[in-house]
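Please look through the structure shown here with its charged and polar side chains in mind. The report below takes up contacts, burial and charge in turn.

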Amino acid sequence: MRILLIAGAFNSLTQRVFAELGDHGHDVLVALAEGEEELCGAVRRHDPDLVVAPVLRAALPREVFSRHTCLVVLPGPPGERGPSALDRAVQEGLPVWGVTVVQAETEPDAGPVWASEEFALPAGVPKGDVYRGELADAAVTAVLRAVDRFASGGWSPRPWPGPGLRTRPYLPQSARRIDWEQQGTAEVLRRLHAADSQPGVRDELLGEEWFLYGGHGEDRLRGRPGRVLATRAGAICRATADGAVWIPQLRRRTSPDGLPAVKLPAVAALGELLPDVPDVPVPLELPAHRRTWSDIRYAEEGEVGFVRFRFPGGAMSTVQCRRLLAAWRFARSRPTSVIVLGGERDFFGTGLHLNVIEASPDPARESWANTGALADLVEAVLTTTDRCVVAALAGNAAAGGAMLALAADEVWCRSGAVLSPHYRTLGLYGAEFWTYTLPRRVGAEGAAALMTEAAPVSAARARELGLADRVVAVPPAEFAPAVARMAAELVESGEAQARIGEKRAAREREESGGPLAACREREMERMRQAFFSPEAPYHALRSAFVRKQPTAATAALLEQLSKVRTQRAPATRQEPCQI
């Protein structure tokens, strides 16, 4: 079928629905709901068989839903609706939640139900993580079921449960407010988690108003409620009524330059306002009983080492890349035969930290430094010849983050992960050795197609193309244990040692011509031109991207995606490209 996706943003859920519908043989087109006139024009132009709306910020126009069947994804179980339904479920600590696919009609979010899917709402997990994990899994399942029912032509949707219909009103900042003097850590975390990603919790800190993002409990530090007690890896620790929480990111309520403010690591956001508090690092290897926050950790199980990292939004700043490189070198010093790289949940990595770059006094130089630091990390992984390296993608990977994954010997993806191995959104050529690793896996023509089309790729399609080696079809909470078992099997079977021998010999053969050095030099030169040339579009595209402003480049990309059809020939693994 010809399906038009209408969304308020081409976000993680929209990209996943796009990829999965394409995997099921549908022609998928995309239109952003930026205005009624533009939206109606897009629908008339594309003339779809079906409209699917994974993410909407406003009701669809009557012209659209009166002429086409429109399926809208609601982030709540049947009978629940409202703009803050998921936020309230997380803040109230509900054990079970769901997703409902309804048909758009005159009354918003109250049309007949085409499909629904229930899931356990994990305790203590922030809303954004749930949205990209459990909720996205349920949404895709429900959307595919609804699309199949529509395609059959013989299935009739059921009406909403009349008496049980409940609209959960918008959750205002007054209901999210934290009372640091009275509320304990558990309640503070619920409020922070319910506002994760968007909209954040508005609060007063050090005489100014901020939005707080993220929240992690702390088991040792204590102080006067509300006070900043310490820093760690760019985050601040703040006292609650009975303990303390770590807050990784802040955003000013208003920006001095009049532009929309951006999220930043908390320490960087506060700048000179930060009081004189200690920095309290923790070791990479934390005891199991510790309840504290660290964005990079190391653990060991037999001959398998785990380098686990989790950066907000998947972005990797210069400092974060250097710290992760130090953790990698520590892992290399341990007596293991397999190293697993990746977090237990959510994003693997999305590349450069654009918000930090945007806030820098010299964005060009910070862009250059960030690219170099990420390239250093990728090179360290690529040149690790004495271990079998596994990249474990619990969630999405994009741009330089995707290239970090491709530097490993094995790429294992959770079935819900989406890969976007391109840099086109920012008008960049790309770095991180992609001209070596991408052709090595998908061939020169496949690499060119991925970079040019710039389409999101599902985990299943990634395996078909050769971007991934295994797809692990488990819920988010079960991914890390499954990866640990699979890594142990690599050791026990002897496959890890065999792989180490093979890649050491291959690396020695390849390096006789110096391909990695040449690859890095060429890529970095193209990036240098983009960063330091006044004519390059990168800086304007980056600024618009971090402030979520539409651009002509984004519109052109989505229009191109609408022209890419799903008649795909299966791809096979190619030999490494010789540079």
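A polar atom of the Q173 side chain lies 2.8 Å from the backbone nitrogen of R202, and the Q173 side chain also reaches the backbone oxygen of G200 at 2.9 Å. Polar contacts are pairs of N or O atoms within 3.5 Å; within protein, one must be able to donate a hydrogen and the other to accept it, and residues adjacent in sequence count only if both atoms are side-chain atoms. Q173 belongs to helix α6 (residues 173-176) and is buried, with a relative accessible area of 14%. Here buried means under 20% relative accessible area, exposed over 50%, and partly exposed in between (1.4 Å probe, protein chains only). Helices (H or I, at least four residues) and strands (E, at least two) are DSSP runs, numbered from the N terminus.

The model is predicted: local features need pLDDT of at least 70, side-chain atom pairs count only at pLDDT 80 or more, and totals for chains, interfaces and linings use all residues. Residues are numbered from 1 along each chain as its sequence is written, and side-chain values use heavy atoms, with hydrogens and water left out.

**Salt bridges**

The whole structure holds 36 salt bridges, each a side-chain nitrogen of Lys or Arg within 4 Å of a carboxyl oxygen of Asp or Glu. Three of them are listed here.

| Pair | Closest N to O distance |
|---|---|
| R132 and D346 | 2.8 Å |
| R190 and E187 | 2.7 Å |
| D219 and R290 | 2.9 Å |

R132 lies in helix α5 and D346 in the loop between β20 (338-341) and β21 (351-352), so their salt bridge ties together parts that are 214 residues apart in sequence. D346 is buried at 13% relative accessibility. R190 and E187 sit three residues apart in helix α7 (residues 185-194), about one helical turn, and R190 is partly exposed at 33%. In the pair of D219 and R290, D219 is partly exposed at 24% relative accessibility, whereas R290 is buried at 14%. Salt bridges with shared partners also join R16, E20, D137 and R414 into one network.

**Buried positions**

I3, in strand β1 (residues 2-7), is buried with a relative accessible area of 0%. I3 and V52 are 49 residues apart in sequence and 7.0 Å apart in space, C-alpha to C-alpha. V125 lies in the loop between β7 (113-120) and α5 (127-152) and is buried at 11% relative accessibility.
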